[in-house]
Amino acid sequence: MQHPTTLSLFSDSDVEPTPAIDAEKAECKTAANSDCGEPCPNDTPHAPNNVREAANPNPDVRLRNKSKRIRVTFSDGTVVCETRALSTLMKSIVHLGVERVAALGMVACHQPLLTKGEYPQRYRNWVKDLPDGWHLLVQSDTAQKFIQLKSIARQLDANAKVEYGDFEASPTPEKQNATRRKAKMSVRFAADGHTIAGYTGDVFRATVEHIGIDKVRRTNLIVLGSKSIITSTKRSNDQVQLHTGEWLTIPSQTKDKIKALRVMSSLTRVKFDISIDK
C-alpha cells in the first residue's frame, strides 16, 4: 500500500524538475515519520537512481558510490560547496540573509524551518544555531536540503544556481588558531557579591557548590532532556564527581549551562547574574 507523501516544504511550482535529484526519493515514506522526532528512514545521503555509478565490473568487490555534493553559485561569484550538505545549507542561508529566508515561512516536520523560539524537545538533536539568535531545523537528508535550497533561491529571486553532482568541496581556509578557544563566563551572587569566573564548566560546578549541593539536589532539576542534575552514581559521560562523592551533570553547550543555572536560581531562590566573557 502506498503511503501518503509527507514533505510539504512548498508547492510543486516552486521547484523545477532536475535530472540530478528525483524529488520523490527525498520524501519520507510514511506519514508517521514526518513528525516523530526520529531520523527518517532515508535520512542518509544517497545517490538517486538516475545518477547511479556504472555497474561494478567485479561483483566480488564492493565499491562505494562516489560522494556527491550540493553546490550553490551566487550572482556575486561566491561559491558554497562544502563536504557536508548541512554546512552548504547553513552557509547559503547566512549568505542570503537569515531573516529574509525565515520570512518565507518554510516548514519541515510541521515545524518552522527557521525560528528564534524553541523547538519541541524531540527535535533537540536536529537543531543548529545561526547568527543573531536564529535556529535551523535540519532533520532532512541531502536530497531534501537540495530541494530546500532550490526553493529558497527561487522564492527570493536570488539568481543563484543550485546544483547536485560530482563537485570538489570548497577549500577550507586555514585557521589562525589550531585549537578552539573554550568559552568563559562569570557568575555574581546578589546576596554577598561573591563572583565565580573562568571556563564555563568550572564555573557551573563552582556555582552549584556555592548554592549548596543539598539545596540543588532537592530541586530534582532535569537537564539535557532526561538527566538528573545530581546523582549518587555516575550515569553518563556528562558528569563530574563532587567532593561529596556524588555526580554532577554538566551540559556541554554554554547556552544549556546558562539555561540550567537560571532554572536553578529560580528553584533555589538564590539570585545571581550570569555574563559571558567575550
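Strands β1 and β2 of this predicted model run antiparallel and are joined by two bridges. Val79 of β2 is the bridge partner of Thr73. The two strands form a hairpin with five residues between them, and Gly77 in the turn has a positive phi of about 95°. Helix α1 packs on the sheet, where α1 touches β1 and β2, and the direction of α1 makes about 20° with that of β1.

On a second pairing, β1 and β8 are antiparallel over five bridges. Here Ile70 stands opposite Tyr164 of β8. The resulting open sheet has three strands in the order β2-β1-β8, with antiparallel pairing. Its edge strands are β2 (79–80) and β8, each of which pairs on one side only. In general, the strands of a sheet pair through backbone hydrogen bonds, in either a parallel or an antiparallel arrangement.

The loop between β1 and β2 contains Asp76. Asp76 counts as exposed because its relative accessibility is 52%, the cut-off for exposed being over 50%. Two polar interactions involve the side chain of this residue. A polar atom of the Asp76 side chain lies 3.0 Å from the backbone nitrogen of Thr78, and the side chain of Asp76 also makes a polar contact with the side chain of His95, at 3.2 Å. Asp76 and Ala160 are separated by 84 residues in sequence, yet their C-alpha atoms are 9.2 Å apart in space.

Helix α3 lies across β1 and β8 and runs at about 165° to β8. The helix comprises 14 residues (residues 142–155), which at 1.5 Å a residue should span 20 Å; the C-alpha atoms at its ends are 20 Å apart, so the expected and modelled spans agree. At the N-terminal end, α3 is capped by Asp141, a side-chain oxygen of which lies 3.3 Å from the backbone nitrogen of Ala143. After the helix comes Asp157, whose phi is positive, near 50°.

Most of α3 is covered, with 12 of its 14 residues buried. The buried residues are Thr142, Ala143, Gln144, Lys145, Phe146, Ile147, Gln148, Leu149, Lys150, Ser151, Ile152 and Ala153. The elements that cover them include two strands of the sheet described above, β1 (69–73) and β8 (161–165). Also among the covering elements are α1 (85–96), α2 (98–102) and β3 (107–108). In an α-helix there are 3.6 residues a turn, so residues three or four places apart point the same way.

Taken as a whole, the protein chain has six helices and 16 strands. Of its 278 residues, 41% are buried. Among contacts between residues at least 6 apart in sequence, 55% join residues at least 24 apart.

The pLDDT of the protein chain averages 77, and 72% of the residues score at least 70. Two segments with pLDDT under 50 may be set side by side. Over residues 1–56 pLDDT stays under 50, and the model has 100 contacts beyond four places in sequence for this segment. Over residues 174–179 pLDDT likewise stays under 50, but for these residues the model has zero contacts beyond four places in sequence.

Notes: Residues numbered from 1 in each chain as written. Predicted model: local features only at pLDDT ≥ 70, side-chain atom pairs only at ≥ 80, totals over all residues. Heavy atoms only, no water. Helix = DSSP H or I, 4+ residues; strand = E, 2+ residues; numbered from the N terminus. Expected span 1.5 Å × (residues − 1). Buried < 20%, exposed > 50% of the residue type's maximum accessible area, 1.4 Å probe, protein only. Contact = heavy atoms within 4.5 Å. Polar contact = N/O pair within 3.5 Å; in protein donor to acceptor, adjacent residues only side chain to side chain. pLDDT = per-residue confidence, 0-100. Pairing = 2+ DSSP bridges. Axes fitted to C-alpha atoms, helices over the stretch in contact; angles between N-to-C directions.
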